[in-house]
Amino acid sequence: MNPNQFGFREGLSTMNALDSVITNVIEGFENKNITCLTLVDLSRAFDSISHKILIDKIGIGDTAIWLLSSYPYNRSQYVKLEHNVSIVRNILTGVPQGSLLGFLLFVIYINDLPCFTDLKSVLYADMTKFICSGNNPFTLQTMNDSNLMKASEWSHIITYR
């Protein structure tokens, strides 16, 4: 598990993630730098997770893969409003939300995001923070923009692999 991921790891909590962010901001302040913090909400990504890529990332034995793959696969949904019912559609992407296993699968899926960026990352479940410090605001903006581009490229790589 990536050490920058604080969600769903034994002994770690939101306080540890917050402490990591605050420590980086204070270090920037003490070095007389400007600190840029970019907050990214990945909650919508729950619905776009590729089942095949998720199973590839888990990388465990055949029996466990079969068991886990039955969780996100072969699900369907419909909408019911009073007496009106939509047609049943198969769900082709995403992990079920509202369960611990859904969050765990999501964390596994995004675990390599910090490896694609140059900035300090702090992840807690579906909330990601990118942190950079420096003394030139224009350089910081360039670094931040470049990092967001790399994160965007990562999302396209894992979506269309």
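What is the order of the 3 strands in the open sheet? In this predicted model, the order is E1-E7-E6, and the pairing is antiparallel. E1 and E6 are the edge strands with a single partner each, so each has one side left without a neighbour in the sheet. From one strand to the next, the twist averages 20°. Helix H1 lies across E1, E6 and E7, so here's a quick tour of the sheet and then the helix.

**Sheet pairings**
- E1 and E7 run antiparallel and are joined by 8 bridges.
- If you want a landmark for that pairing, look at Asp-41, whose bridge partner in E7 is Met-127.
- E6 and E7 are also antiparallel, paired over 5 bridges.
- Two spots to click on there: Leu-123 has Thr-128 of E7 as its bridge partner, while Val-122 stands opposite Lys-129 in E7.
- E7 is mostly covered, with 6 of its 8 residues buried.

**The E6-E7 hairpin**
- There are 2 residues between the strands of this hairpin.
- Keep an eye on Ala-125 if you're checking backbone torsions, as it takes a positive phi near 55°.

**Helix H1: length and ends**
- H1 covers residues 14-30, and its 17 residues should span 24 Å at 1.5 Å a residue. The C-alpha atoms at its ends are indeed 24 Å apart, so expectation and model agree.
- The N-terminal end of H1 is capped by Ser-13, which places a side-chain oxygen 3.1 Å from the backbone nitrogen of Met-15.
- Just after H1 comes another positive phi, this time about 60° at Lys-32.

**Helix H1: two faces**
- Which residues of H1 are buried? They are Ala-17, Ser-20, Val-21, Asn-24 and Gly-28. Because they cover an arc of only 90° around the axis, they end up on the same side of H1.
- Turned away from that buried side is a face carrying Met-15, Phe-29 and Glu-30, which are exposed.

**Helix against sheet**
- What covers the buried residues of H1? The cover includes strand E1 (34-41), strand E6 (120-124) and strand E7 (127-134).
- As for direction, H1 runs at about 160° to E6.

Technical notes. Residues numbered from 1 in each chain as written. Predicted model: local features only at pLDDT ≥ 70, side-chain atom pairs only at ≥ 80, totals over all residues. Heavy atoms only, no water. Helix = DSSP H or I, 4+ residues; strand = E, 2+ residues; numbered from the N terminus. Expected span 1.5 Å × (residues − 1). Buried < 20%, exposed > 50% of the residue type's maximum accessible area, 1.4 Å probe, protein only. Arc of directions from axis to C-beta. Contact = heavy atoms within 4.5 Å. Polar contact = N/O pair within 3.5 Å; in protein donor to acceptor, adjacent residues only side chain to side chain. Pairing = 2+ DSSP bridges. Axes fitted to C-alpha atoms, helices over the stretch in contact; angles between N-to-C directions.
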